[in-house]
Amino acid sequence: MNIKSRLTLLFTLLVGSIMALFCLAIYFFYDQYREKQFYSFLNERGQTIAQLVEASQGISKADIEKIEKENKTILLDEEITIYDGSDSVIFISGKENFKLSRPMLTDARAGREIHTKHQKKEVIIIRHILQDHRKPWVVAVIANDYLGMNQLNRLREILLIGWLLSMILVGVAGWQFSNDAIKPVADIIDQVNNISAGNLHEKVRVGREKDELALLAETFNQMLTRLEIAFVAQKNFVSHASHELRTPLALIMSEAELSLMKERSPTDYQDALKGIWSEAKEMNELVSRLLELARTEENAFRVTFSKIRIDEVLWQAKTSVQQKNAGYQVHIHYDKIPEDEEQLKRFGDESLLRTAFLNLMDNACKYSPDKTCNVFLEIKNRLIVINFRDMGIGIAQEELPYIFDTFYRSQSTISKAGYGIGLALTKRIINMQGASIEVESALGSGTTFILKFPPF
């Protein structure tokens with residue numbers, strides 16, 4: 001069953017149930033009202049007959065009927081029985097003698113008005129107080145409320161027919177209601193079916209502005225925006241990676257081709273192989289960087305953090321940088337050691353964080369004339385703040401917003417060896433750790449990268 005049919009069915013059942021309860025309530029309360037009115041009439045009827053009997057001893061049923069015809073108060077199938085003070089029947093107006101038990105007679109004389117049923121007829125048992133103050137009589141009146149029952153049956157038919165007709169109208173209204181409710185969903189489905197990888201810039205539009213479907217469309221549009229950014233990033237990644245890999249491959253191929261064009265001396269072959277080896281080494285380093293970049297994207301969803309000491313990871317990165325490049329110098333300035341070592345600990349991935357620190361140290365040394373990087377570690381307001389500072393060539397202000405983009409290289413560094421991957425990789429790693437990275441720089445006055453690790 002589709003949503004439209006389910007909505008129609010639920011709407012019809014809900015409204016139909018409410019209307020059925022309403023009809024039952026009307027029927028029930030009208031029946032209570034009818035019964036109350038009829039018992040009130042029987043009470044008056046019994047008192048009237050008792051007064052006639054009291055006033056005219058020996059009055060007969062025929063005499064009573066004659067009087068009733070004159071007053072137009074006769075009831076159909078009426079049966080009246082009157083008991084005197086000694087519980088003897090002194091008057092019977094009916095086909096059968098309706099006998100009362102002694103407890104009922106006692107309760108009636110005590111003033112209790114008894115309502116009951118006898119052969120589907122209404123029965124009322126009341127007392128009649130005599131004018132001469134003798135012991136009260138007990139009057140039992142039995143009659144059929146033909147008029148009231150006919151009206152009740154007619155009301156039942158009207159309510160039933162009205163309910164059935166209303167159910168048909170409610171079903172039609174429910175179908176229209178479900179059409180109106182589902183139409184925006186159908187529009188969204190049609191629009192989504194027309195969106196593909198080639199037109200992710202298209203957005204889902206909903207006519208309504210402030211409802212859940214509009215929020216759904218907005219959420220879907222946000223997802224499309226993220227997908228578009230991911231597709232563009234992937235496209236740029238493939239384009240830049242292909243471009244960067246093409247250069248060393250072209251050099252390797254040209255070097256090999258020149259070596260094969262004619263016979264050469266062993267020394268020339270060795271020089272050619274050295275050139276090929278150098279280009280292959282650079283290409284291998286580029287591929288390694290690309291794999292690290294891809295690893296950060298993959299681990300962003302499944303990396304498992306553990307508690308690590310930030311200062312220890314810094315010293316590990318320093319050792320790796322200086323072992324890899326003998327001319328590089330990294331100085332870690334850490335004057336104020338907190339008494340509580342827990343302030344130096346954060347949840348993170350030690351291997352990835354070491355790679356980020358190593359990239360920042362390597363860049364600082366690479367672009368500084370003295371090949372030196374100064375690292376300042378301190379605790380500020382429960383934040384771990386690390387500054388990586390160099391006295392190198394600096395970065396122009398207009399280029400600062402783009403230095404963390406993949407494969408981007410500033411004008412001041414484009415002549416140096418590099419691929420434009422290190423800073424993009426570093427920012428992703430730092431953000432994965434829940435930290436932030438900022439940069440301060442100016443041409444000719446060096447660059448400072450500022451890392452801030454919030455508390456747990």
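Strands S3 and S4 form a hairpin with 2 residues between them, and Gln119 in the turn has a positive phi of about 50°. The model in which this hairpin appears is a predicted one. The two strands of the hairpin, S3 (residues 114-118) and S4 (residues 121-128), run antiparallel and are joined by 5 bridges. His118 stands opposite Lys121 in S4.

**The sheet that contains the hairpin**

The hairpin belongs to an open sheet of 5 strands, whose order is S2-S1-S5-S4-S3 and whose pairing is antiparallel. At the edges stand strand S2 (89-93) and S3, each with a single partner strand, so one side of each is left without a neighbour in the sheet. From one strand to the next, the twist averages 15°. Strand S1 (residues 79-83) pairs with S2 in the antiparallel sense over 4 bridges, and Tyr83 stands opposite Val89 in S2.

Helix H1 packs on this sheet, where it touches S1, S2, S3, S4 and strand S5 (137-143). The direction of H1 makes about 50° with that of S4. Helix H3 (residues 102-109) lies across S1, S3, S4 and S5 and runs at about 55° to S4.

**Helices H1 and H4**

Helix H4 (residues 146-193) has 48 residues, which at 1.5 Å a residue should span 70 Å; its end C-alpha atoms are 69 Å apart, which agrees. H4 nevertheless has a kink of about 35° at Ile182, shortly before the proline Pro184.

How do H1 and H4 run relative to each other? The axes of helix H1 (residues 3-55) and H4 come within 8 Å and cross at roughly 160°. Angles over 145 degrees count as roughly antiparallel, and H1 and H4 are therefore roughly antiparallel to each other. H1 passes H4 in a right-handed crossing.

**The sheet with mixed pairing**

Another open sheet has 5 strands in the order S7-S9-S10-S12-S11, and its pairing is mixed. Its edge strands are strand S7 (329-333) and strand S11 (436-441), each of which pairs on one side only. Neighbouring strands of this sheet are turned by 20° against each other on average, direction ignored. Within the sheet, strand S10 (residues 383-390) and strand S12 (residues 447-453) run antiparallel and are joined by 7 bridges. Ile386 stands opposite Leu451 in S12.

Two helices that pack on this sheet are listed below.

| Helix | Strands touched | Angle between directions |
|---|---|---|
| H7 (residues 310-324) | S7, S9 (372-380), S10 and S12 | about 165° with S7 |
| H8 (residues 350-366) | S7, S9, S10, S11 and S12 | about 135° with S9 |

H7 and H8 also pack against each other, at an angle of about 55° and with their axes 8 Å apart. That angle makes H7 oblique to H8. The crossing of H7 and H8 is right-handed.

Which residues make the contact between H7 and H8? On the H7 side, they are Ile310, Val313, Leu314, Gln316, Ala317, Lys318, Ser320 and Val321. On the H8 side, they are Glu350, Leu353, Arg354, Phe357, Leu358, Met361 and Asp362. As background to such a list, an α-helix has 3.6 residues a turn, so residues three or four places apart point the same way.

Technical notes:
Residues numbered from 1 in each chain as written. Predicted model: local features only at pLDDT ≥ 70, side-chain atom pairs only at ≥ 80, totals over all residues. Heavy atoms only, no water. Pairing = 2+ DSSP bridges. Axes fitted to C-alpha atoms, helices over the stretch in contact; angles between N-to-C directions. Contact = heavy atoms within 4.5 Å. Expected span 1.5 Å × (residues − 1). Bend = angle between axes of the 7 residues up to and from the residue. Parallel < 35°, antiparallel > 145°, perpendicular 65-115°, else oblique. Left-handed = near helix turned anticlockwise from the far one by under 90°.
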